[in-house]
Amino acid sequence: MRVFERYFPVIALIVPLLIIVFVIQQTGSSNVRYVATEALLRLSFAVALYIFAGNSGIMSFGHMTFCAIAAYASAWQTCCTLLKPITMSGLPSFLRDNTFSLLPAALNSIGLAGAAAFLSGLILMRLSSLGASISTLALMFILNVVYSNWTTVTMGKSTIVGLPVYVSIWVALGFAILLIIIAYLYQNSRWGLMLRATREDEVAASASGVSLYWSRVIAFTLSGFGAGLAGVLYAHFMGTVSISTFFLDQTFLIVAMLVVGGMQSLAGAVVGVTFISVVIEVFRRAEAGFAVGGMDMSIPRGSQELILAAVMLLILIFRKSGIMGGREIAWPWLKKDLGKRDAKARGSQQTDPSSPLAQGSAKA
């Protein structure tokens, strides 16, 4: 029971996701399943970003860099052999002339993204909190410019097509659950606790022996691995890769999800993605048009972005810590159980003759 209580916050997130996906799979249309799969991929990226941003308190605007690195690396390995020598002639011969199987390609791509996160983290994490946030955004701009103009390797701003599509709603759910578990285990680990200590008070944490630099580098690297996984999944969900996909639009959408849900808790990341995904889909359909009393109506184009901005403003004004308020979903009987344990402990002390409480009562 104690193990169940300990892992209840992550169980309370996984079980509803399983139920929702099962219902959608059984009753939803192909369009609904497509939207749900895309939302689960965004959830994977949001959880990966939370590993660093939520625990450190430093918002990273450049994590889409690692998504792009992994997605392109997977495309170079799995794209059709006949296309690469023509459109990506600048690739090394072992990539240009060969096609790799999906699992090794995915592992290599995620490893490359994690290595890029580690190397960039060694430099960026030496900066202050605000400086680190701005530098991650600069990192994303650098990669975007390089990949947009490296035509012999990335096809520039053109789209790489022909990637095998293997990400279904269950595959997306499985990897989203995996990242949720990893994020939960990390935030309760020694390194996660130290990083959250630096988030609350850098001076006190440093005085207690916490390495501000290395705790951030480790989280940034682990978060980069997670972002790389999300990038590989997204590439093999769409079947195409384009540098414009991994830029500002997706970045600020994921940031909005974290802000709305609550950046300082894993539950906030999951709730924020779910809430914003529902809002986006509802207003996207409203923009496409709907019938009311036999009349065809629609809202103006761009309303979805305005509504999303309004939601963010309301959250920032009235609930700065997000919907979840920076809290995890706790075991519902936690206070009652703690009270019973305290009462049991007091009772055992009173019945034990050697306990200080019993000795004090005897003297009285």
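A residue counts as buried when its relative accessible area is under 20%, and as exposed when that value is over 50%; between the two it is partly exposed. Cys79 has a relative accessible area of 0%, so Cys79 is buried. The model is a predicted one.

**The chain as a whole**

The protein chain has 18 helices and 4 strands. It is 364 residues long, and buried residues make up 47% of them. Contacts reach across the sequence. Among contacts with a separation of 6 or more, 75% join residues that lie 24 or more positions apart. The chain exposes about 17,800 Å². Carbon and sulfur atoms supply 68% of that area. The structure holds 0 disulfides.

**Helix H4**

Helix H4 covers residues 64-78. How far apart are its end C-alpha atoms? They are 21 Å apart. The 15 residues should span 21 Å at 1.5 Å a residue, so the two values agree. H4 is also mostly covered: 15 of its 15 residues are buried. Cys67 has 3% relative accessibility, which is under the 20% limit, so Cys67 counts as buried.

**Ser120 and its contacts**

Ser120 is found in helix H7, which runs over residues 102-124. Is Ser120 buried or exposed? Its relative accessibility is 10%, so it counts as buried. Which residues does Ser120 touch, leaving aside neighbours within four places in sequence? Ser120 is in contact with Phe66, Leu139 and Phe220.

**A nonpolar patch on the surface**

Six names make up this part of the picture: Val15, Leu18, Ile19, Phe22, Val23 and Trp170 form a nonpolar surface patch. The patch measures about 530 Å². Helix H2, residues 8-27, gives the most to the patch, with 5 residues. Phe22 is found in H2. Why does Phe22 count as partly exposed? Its relative accessibility is 47%, and partly exposed means between 20% and 50%.

**Four residues side by side**

The table gathers the relative accessibility of the residues discussed above.

| Residue | Relative accessibility | Class |
|---|---|---|
| Cys67 | 3% | buried |
| Cys79 | 0% | buried |
| Ser120 | 10% | buried |
| Phe22 | 47% | partly exposed |

Cys67, Cys79 and Ser120 are buried, whereas Phe22 is partly exposed. Phe22 belongs to the nonpolar surface patch, while Ser120 has contacts with Phe66, Leu139 and Phe220.

Technical notes
Residues are numbered from 1 along each chain as its sequence is written. This is a predicted model: local features need pLDDT of at least 70, side-chain atom pairs count only at pLDDT 80 or more; totals for chains, interfaces and linings use all residues. Side-chain values use heavy atoms; hydrogens and water are left out. Helices (H or I, at least four residues) and strands (E, at least two) are DSSP runs, numbered from the N terminus. The expected span of a helix is 1.5 Å times one less than its number of residues. Buried means under 20% relative accessible area, exposed over 50%, partly exposed in between (1.4 Å probe, protein chains only). Contact means heavy atoms within 4.5 Å. Accessible areas come from the Shrake-Rupley method with a 1.4 Å probe; for residues, only the protein chains shown count as cover. A disulfide is a pair of cysteine sulfur atoms within 2.5 Å. Patches are made of residues with over 30% relative accessible area and no salt bridge: like charges are joined within 9 Å, nonpolar side chains (Val, Leu, Ile, Met, Phe, Trp, Tyr) within 5 Å. A salt bridge is a side-chain nitrogen of Lys or Arg within 4 Å of a carboxyl oxygen of Asp or Glu.
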